[in-house]
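This report covers the fold, the surface, the main pocket and a few single residues of one protein chain. The sequence and structure come next.

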Amino acid sequence: MTLDIFKLTFTTPLHLSLGKLETYERSDDVLHSDTLKSALFVTAMQLYGEELDNEQFFDSFQVSSAFPFAEGAYFFPKPFSFIVDGQA
């Protein structure tokens with residue numbers, strides 16, 4: 001399995017909306033995977049329009065939520081469980 005890591009660095013403040021229109025007093029603290037994948041889908045729609053196969057697009061790759069990092073350190077959440085060779 002191949003994993004690609006992309007570091008998103010922003011030069012301006014980033015507001016992560018909670019999905020409610022015209023509400024800026026609160027912001028989410030996690031950039032969720034469905035938000036990322038939907039943003040990629042909207043961008044693909046702008047590039048390819050009606051030629052884009054929605055189902056094929058969403059099934060063609062997976063993304064995780066965005067996690068913070070500092071230089072070479074990645075801050076992933078602690079796993080709920082970890083199984084090695086079928087043993088918990």
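Of the 88 residues of the protein chain in this predicted model, 8% count as buried. The accessible surface of the chain comes to about 8,400 Å², and carbon and sulfur atoms hold 57% of that area.

The secondary structure consists of 2 helices and 2 strands. Read from the N terminus, the order of the elements is α-α-β-β. Among contacts in the chain with a separation of 6 or more, 40% are between residues 24 or more positions apart.

The largest pocket holds about 1,200 Å³ of space. Its lining is made up of 29 residues. Nearest the centre of the pocket lie Phe6, Leu36, Ser64, Ser65 and Ala66. Helix 1, residues 33-48, supplies the largest share of the lining, with 4 residues.

On the surface, a nonpolar patch is formed by Ile5, Phe67, Tyr74 and Phe76. Together these residues have about 410 Å² of accessible area. Phe67, one of the patch members, sits in the loop that runs between helix 2 (54-59) and strand 1 (69-70). Its relative accessible area is 31%. Phe67 therefore counts as partly exposed, because that class lies between the 20% limit for buried and the 50% limit for exposed.

Two further residues are described here along with Phe67. The table gives the location and accessibility of each.

| Residue | Location | Relative accessible area |
|---|---|---|
| Phe67 | loop between helix 2 and strand 1 | 31%, partly exposed |
| Glu71 | loop between strand 1 and strand 2 | 73%, exposed |
| Arg26 | segment before helix 1 | 56%, exposed |

Glu71 is not a glycine, yet it has a positive phi of about 50°. The loop that holds Glu71 leads from strand 1 to strand 2 (73-74). With a relative accessible area of 73%, Glu71 is exposed, since the limit for that class is over 50%.

Arg26 belongs to the segment before helix 1 and is exposed at 56% relative accessibility. Which residues does Arg26 contact, leaving aside its neighbours within four places in sequence? The contacts are with His15 and Leu18. Arg26 and His15 are 11 residues apart along the chain, and their C-alpha atoms are separated by 8.8 Å.

Methods:
Residues are numbered from 1 along each chain as its sequence is written. This is a predicted model: local features need pLDDT of at least 70, side-chain atom pairs count only at pLDDT 80 or more; totals for chains, interfaces and linings use all residues. Side-chain values use heavy atoms; hydrogens and water are left out. Patches are made of residues with over 30% relative accessible area and no salt bridge: like charges are joined within 9 Å, nonpolar side chains (Val, Leu, Ile, Met, Phe, Trp, Tyr) within 5 Å. Accessible areas come from the Shrake-Rupley method with a 1.4 Å probe; for residues, only the protein chains shown count as cover. A salt bridge is a side-chain nitrogen of Lys or Arg within 4 Å of a carboxyl oxygen of Asp or Glu. Buried means under 20% relative accessible area, exposed over 50%, partly exposed in between (1.4 Å probe, protein chains only). Contact means heavy atoms within 4.5 Å. On a 1 Å grid over the protein atoms alone, a cavity is a set of points where a 1.4 Å probe fits but cannot get out, and a pocket is an open set with protein on both sides within 12 Å along at least five of seven lines; lining residues have an atom within 4 Å of a point. Grid points are joined across faces, edges and corners, and a volume is the space filled by probe spheres set on the points.
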